[in-house]
Amino acid sequence: MPPVIDREQVLHVARLARLRLSEEEVETMVGELSGILGHVDRIASLDLEGVEPTSHVVALENVLRADEPWRSLPRDVALASAPEPSEGAFRVPSPQAE
Amino acid sequence: MAEILDLTVLEAHNAKMAGELSPREHVEAWFEAAGTDELNAYLWRNDRGPEAAAIEPAQDWNAPIAVKDIFCTEGAPTTAASRILEGYRPPYTATAVQKLIKAGLPILGKTNMDEFAMGSSNENSAYGPVLNPWDRTRVPGGSSGGSAAAVAGGLAPWALGTDTGGSIRQPAAFCGIVGLKPTYGAISRYGMIAYASSLDQCGPLTRTVSDAALLLAMLEGRDPLDSTSVGIDGGVSLPDREDLAGMRFGVPAELARDSVDAGVREVFERTLEKIESLGGEVVEVSLPSAEHGISAYYVIAPAEASSNLARYDGVRYGMRAGGDGDLIEMYETTRSDGFGAEVKRRIMLGTYALSSGYYEAYYGQAQKVRTRIAEDFSRAFSAVDFIVTPTAPSLAFKLEEKTNDPLSMYLGDLFTVPINLAGLPAISIPAGLAEPEGGEPQLPVGFQIAAPAFAEQRLLDAAYALEQGIGFDRRPGDADG
Amino acid sequence: MAELEAVIGLEIHVQLATKTKMFCGCELSFGDEPNVHTCPICLAHPGVLPVPNEQAIRYALQIGLALDCEIAPRSIFHRKNYFYPDSPKAYQISQYDIPICGPGKLGEVRIHRAHLEEDAAKTIHVGASGRIHGSDASLVDFNRGGTPLVEIVTEPDLRDAAEAAEWARLLRETVRQLGVSDVNMEEGSLRVDANVSVRPAGSSELGTKTELKNMNSFRFLQRGIEAELARQRELVEAGGTVEQETLHFDPASGSLTSLRSKEEAHDYRYFPEPDLMPLAPTEEMLREAREALPELPVARIERYESELGLARDVALTLATDPRTAGYFENTVEAADGVEPRVLANWVTGELAAALRQAEVEGGAADSRVSPPALATLVRMVQEKKISHGSGKTVLAAMVTEGGDPAEIIEREGLAQMSDSGELEAIVEKAIADNPDAVEKIREGNGKAIGAIVGAVMRETKGRADGGEVNRLIRERL
């Protein structure tokens, strides 16, 4: 059975998900995802015309919060887990290497 | 000391009330027991030192508990069994855990699990698999494998787990204990590291149904920090039913068709007979869409997960790698090095299902199947009080038996997944032992009972009566044969 | 080639002036030290969940009602997924195909929709050495992250840059008067992006549009749109095709640079936010939102035109600023038997000029001329108790010292000459004194009458009515 998802698509999806796959992983992924999608595809052919998709499990509306301030984290706590804190902020590499 | 560890939480509670057991003795016995972990059930054990100060109860007066490492515990390591959160200590504690701390429960430690709750065998942990106390060459189930093994293996009197597609019930079945997944919305999800937001729920793993009721009573309730939480109207109290008279139990025709191991089927049939002998009625019901549960689940859960796990990007906490390159380099290296294979697989599946051009065919369609499944249950519950199935189609399998075949791993969830899709409560109780292929030792079989939304009390009552009727009192390591 | 017309739509982001963020209780702040208003939720720690700010919902309803929008009986939140350091969850909680506000209108421009979402954090680019130079690294400040936003999208109804800037001003003023936002473009509480395209005049198809960003003043908005329209026109007229892209406006040079990167366009993979429940505004919420609306510029402009008979441009000038409008309406109320139209012209004309002349700060509402005083003055001119010219003199005095016109007239002796006999005598004397002018007039040079009128005015110290003087002179010649 031809793969449901091909190499190009795997690379595209990996890019969307910010994952880097090795050549080997790409190959494995093509096979595994195709197998899973092949099974999952059974629902594609079901006639579900007129059925509302479930978007919320509990039937609630207007679950809101009063506009009252609470205490924010002290800055040192906010930065405590930061991989690279710098000048009171979170330092990250820029989008494109020069 | 060994006797203290034999007591269920309720028994210990009664003993404390009668002055026969001191809370301190009880707590110390369990902390000591937790230290004998050879099953790799714990990722972190609480030494009750300064780093655990934020999660220390004001006074010990309740049974200590093991908490799945998916719950944020302030100041104490929380990894979701992933490399990407190695060393991470949250600045806050999950609401569910806070409630337990307030009720006086010391935290024994954080238990091992499948990474980010994705798995059915606890083999997807970045910190090694968990071993099944009944047979250490076998898996304890997943994703709450550590919690289940700890309770079954005498390393904790009770434990907190989470269930998205069966992750409390299936390990409970594989480990011969009780596992309860409450109705979606019964317990707050705030602080519970998200896998699939519309499916995740936390719940108790215990040795008895009564202990599960005790724990559920402490956990349930609306939380202003979780918009999807409502609690259980009327709360929960200890069950005390003695029979099942007047109760109707439905067996879904479609699911019974699927291949179930002979040993599992035998115990299941015997349990149906037990129900009848207790005065319950067993009838066939139809859940026509339930067979599509796996397909719908393995679109919806990965889709939500792909979004929930996108925050693990090396910017604000957790692991960072490739930071010498540019931003994309950092993102890709961090996530590729930090996530395990199963997590990556599900992120890929989910991203694909949501991507442009595929949304309607996959995610849109899966959410419609979900509606149908919920409708099926609703219709069935107008004719019966409960729906019953084996919890899992097989006994606990061998380590590495299914790791090369993800799809076959997924198919083991066929009985548990439809429950999550419909948001219903369900419990797995140990119903007997069966012999696996290849002989000894015998392994436990779980019996699943599902009920309508927010019918936890009735569910616990029925499960309790059945549990008493079955009288399952086997522990791992009992005389074999 | 066929003439090209411009097609412009605007996308506006309004930062709401609530006390706390959209999905957590951290306070909103401006200009504070970085990362002092954060919590596990807006830092997107593992396990956190959002809960919507009730006030933000109310403010969004008020904006929707002010823009005449259909309010959705039920709307939901969606996740918009993309990776960027200023987006801590790697998704923005927004609204997609079921927004809180549907189609509406403001003035001549139709509103397509308005919805709620959360703002991104702030990134500052720094060089490796820490100086702002190149962009080797960025520092992220999450104070702003999570601020409630309402995004308003118009239909592409605008046809030139000036019109777009003008309408944007009207929108800004309307939202400002609701009290739901500071709507300050320089500070970033109002952000206006433009979608611009061209097409053959009269065509109903839309051309390819480009998106213009980073114009942080109405002037820049206009300039940016003008520059892009010029570019597109030139391109199309030379036979080229416009490519869809995002252009970044540089205020220093006034030019636009393309932000089109090598990456493909974003695939946001929208799906309904499972952690949030739908919004279904109740009758009470809608009623409260409606009651909270003051009279807004568009409604007032219309009222001035239809009820008070003002010309459109006068109505626009008076009605846009509520304080000027209030001043004008007080004047109308105090006036007996003077048409609002006349009062309006005095407020926007003579009074405005007098204030400019005297270099007075602020507008009519800030001046020393009280509405009843102005009303009295205008009535006196209308009743010819003083001449129009004298009226302006009195007004100038009132601008400086305030006070009552009748007293000033009395004091300065500016009462109009009411005795027509006295006036006729002066007119006849002036005619007699200016035979050359009379000669010229009789020859057909009408302008020469000015000399005689001038003589009469000088004699009467401006107290005569110019029109009356003219009439009397012509009678005699």
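These are my notebook entries on a predicted model, taken in the order I looked things up.

**Entry 1: chain A, overall**

I began with the element list of chain A and found three helices and two strands. Reading from the N terminus, I noted the order α-α-α-β-β. Next I checked how spread out the chain is. The radius of gyration of chain A came out at 23 Å, whereas a compact globule of 98 residues would have one near 13 Å. I also took the spans of the C-alpha trace along its principal axes, and chain A gave about 55 × 50 × 20 Å. Then I looked at burial: buried residues account for 30% of the 98 residues in chain A.

**Entry 2: a sheet shared by two chains**

Where do the strands of chain A go? I traced them into an open sheet of four strands, in the order β1(A)-β2(A)-β7(C)-β6(C), with antiparallel pairing. The edges are β1 (85–86) of chain A and β6 (122–126) of chain C; each has a single partner strand, so one side of each has no neighbour in the sheet. I then zoomed in on the chain A pair. β1(A) runs antiparallel to β2 (residues 89–93) of chain A, and two bridges join them. Which residue of β2(A) is the bridge partner of A:Pro85? I found A:Phe90 there.

**Entry 3: the nonpolar cores**

I moved on to the cores. The largest nonpolar core has 306 residues, and the ones with the most contacts inside it are B:Ile65, B:Ala156, B:Ile449 and C:Ile63. I asked which element gives the largest share of this core. My lookup returned helix α10 (residues 293–308) of chain B, with nine residues. There is also a second, separate core of 13 residues, and I jotted down C:Leu423, C:Ala430, C:Val438 and C:Leu472 as included in it.

B:Ala156 made me curious, and I listed what it touches. Leaving out residues up to four places away in sequence, B:Ala156 is in contact with B:Trp30, B:Ala34, B:Ile65, B:Ala66, B:Leu108, B:Ala150 and B:Val151. One of these, B:Ile65, is also on the list of residues with the most contacts in the core.

**Entry 4: domains of chain C**

Last, I pulled the domain assignment of chain C: domain 1 covers 4–291, domain 2 covers 297–412 and domain 3 covers 420–476. For domains 2 and 3 of chain C, I got C-alpha centres 31 Å apart. Four residues from domain 2 and five residues from domain 3 make up the contact between them. How do the residues on the domain 2 side divide into nonpolar, polar and charged? I counted no nonpolar, three polar and one charged.

Conventions: Residues numbered from 1 in each chain as written. Chains lettered and ligands numbered in written order. Predicted model: local features only at pLDDT ≥ 70, side-chain atom pairs only at ≥ 80, totals over all residues. Pairing = 2+ DSSP bridges. Rg over C-alpha atoms; globule rule 2.2 N^0.38 Å. Buried ≥ 20, exposed ≤ 12 C-beta atoms within 10 Å, placed from the backbone. Core = buried A, V, L, I, M, F, W, Y, C linked by C-beta atoms within 7 Å. Contact = placed C-beta atoms within 7 Å. Domains from an automatic or database assignment. Nonpolar A, V, L, I, M, F, W, Y, C, P; charged D, E, K, R; others polar.
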